[in-house]
Amino acid sequence: MRVDAINQYDAGTARKKIVGGVFTATDYLNACLDRIAEREADVGAFTHIARESALAQARSADARQGSGALYGIPIAIKDIIDTHDMPTEHGSPIYKGSVPPSDAACVAMLRRAGAIILGKTVTPEFAAVTPGRTVNPHNVKHTPGGSSSGSAAAVADFMVPAAIGTQTVGSTIRPASYCGVVGFMPSHQILPVQGVKVQAGSLDNLGILTRSVADVALVANAILGCDALPVNPLATPPRIGFCPSPHWPQAQASTRDVMTDATALLRKAGATVEDVDLPAGFDDALPAHWTILAFEFARAMAYEYDAHRELLSPRLVDLLNRGFTTPFADYVDACAIAVARRREFAPIMAGYDVLLTPAAAGEAPEGLLAPSDLLFQRFWTVLHVPAVTLPGFTGPYNLPIGIQLIGAHLADSKLLRSAIWIERAIHEYRHA
């Protein structure tokens, strides 16, 4: 295989080939850098590329032949996550060129596992409402989805095998679906968020974007520093509940068709798939999420709002104004609703390994300022449960449409094991 093609290997495969001497960490990194040089001007995934530092790390890895789980593997980091050796700008002119004094916990753990931190990826302003310059690598006229836009696009376009994002609303799941990669949101904050710019502390979560479920587990375990999420094969096919969620009427025809196709192929592969309807009371989860988000985000952004309001976009100022004027009693009521729905959701999951639900309303819409599709991600974010988006389907414009799998709270390993089984079933179906 040509050296300039090996960037298409996922992280786990590349790691094995580096250890096996098929190619070096420097070869793999150079292939990724060549891809970035070829495509970055069109895709706009990065805010900073640490080329020389990354090459030095790769050469060092080759010289010492390390044993870390991510030894020699380049990873990109969303630009609201601190890195001590490159700028963390939060997509805002307020922090232009600002280099924090230390790494975020997840970055420090990735380095400990031998990962090469290749650069910082584009995020909308403070991971909120005003998008950055990243486009969808499958069609540059379409959005990549926010707010982990650069992370998803970089992985989808074979610039890096893995990237770190975040999710407070739908910021990992939505771009994963739009860009056609695997996206993982763990159970609420089982992955450390120290050193990540706070948006809403009771909702903020780390996210992982890769091209395989096995890589999700590889990266997550590296961040945790232990094999906390084993992904050994399931002994039997998974029990799947098809849960269209309360927002099914907003799903586009393309997503409805994808869910029909996915259900049929999973049944054919041997899985049990049953319909699951959530109680009507769950309709209040989304209004509660929005109230919590606005209230907490305004307070997290108080410094920027008071000291640099002229450098904030009007859309962000409007959102923060809403948060500052939200009555505390409304915030408390919203928190109580969220807690109640989390408690009520647990027994619903008892009969299933995972739920199958839409990842987004449809394909990525045209234009970077297209209205955000939020319904099919933030519903699960407020419930604090883990979610995985899997690619493998497309819509009428030949753009990706992902399916979303939901697990029980703290059942992340079961979710990932089920996702690997389902990933394989989709692959076999597409290549039959």
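I looked up how helix 9 and helix 12 cross, and the crossing is left-handed (the near helix is turned anticlockwise from the far one by less than a right angle). The model is predicted, with local features needing pLDDT of at least 70 and side-chain atom pairs pLDDT 80 or more, while totals for chains, interfaces and linings use all residues. Residues are numbered from 1 along each chain, and side-chain values use heavy atoms, without hydrogens and water.

I noted that helix 9 spans residues 285-300 and helix 12 residues 328-349, packed at an angle of about 130° with axes 8 Å apart. Helix 9 is therefore oblique to helix 12 (angles under 35 degrees are roughly parallel, over 145 roughly antiparallel, 65 to 115 roughly perpendicular, the rest oblique).

I then listed the contact (heavy atoms within 4.5 Å). Helix 9 brings Ala288, Thr291, Ile292, Phe295 and Glu296, and helix 12 brings residues including Phe328, Tyr331 and Ala338. The contact residues divide into nine nonpolar, one polar and two charged (Asp, Glu, Lys and Arg count as charged; Ala, Val, Leu, Ile, Met, Phe, Trp, Tyr, Cys and Pro as nonpolar; the others as polar).

Next I looked up cavities (sets of points on a 1 Å grid where a 1.4 Å probe fits but cannot get out; lining residues have an atom within 4 Å of a point). There are two of 30 Å³ or more. The largest has a volume of about 80 Å³. Of its 14 lining residues, Ile80, Thr166, Thr168, Gln199 and Asp204 are closest to its centre.

The second largest cavity has a volume of about 30 Å³. Among the residues lining the second largest cavity are His188, Trp380 and His384, and no charged residues occur in that lining.

Technical notes: Axes are lines fitted to C-alpha atoms, for helices over the stretch in contact, and angles run from 0 to 180 degrees between N-to-C directions. Helices (H or I, at least four residues) and strands (E, at least two) are DSSP runs, numbered from the N terminus. On a 1 Å grid over the protein atoms alone, a cavity is a set of points where a 1.4 Å probe fits but cannot get out, and a pocket is an open set with protein on both sides within 12 Å along at least five of seven lines; lining residues have an atom within 4 Å of a point. Grid points are joined across faces, edges and corners, and a volume is the space filled by probe spheres set on the points.
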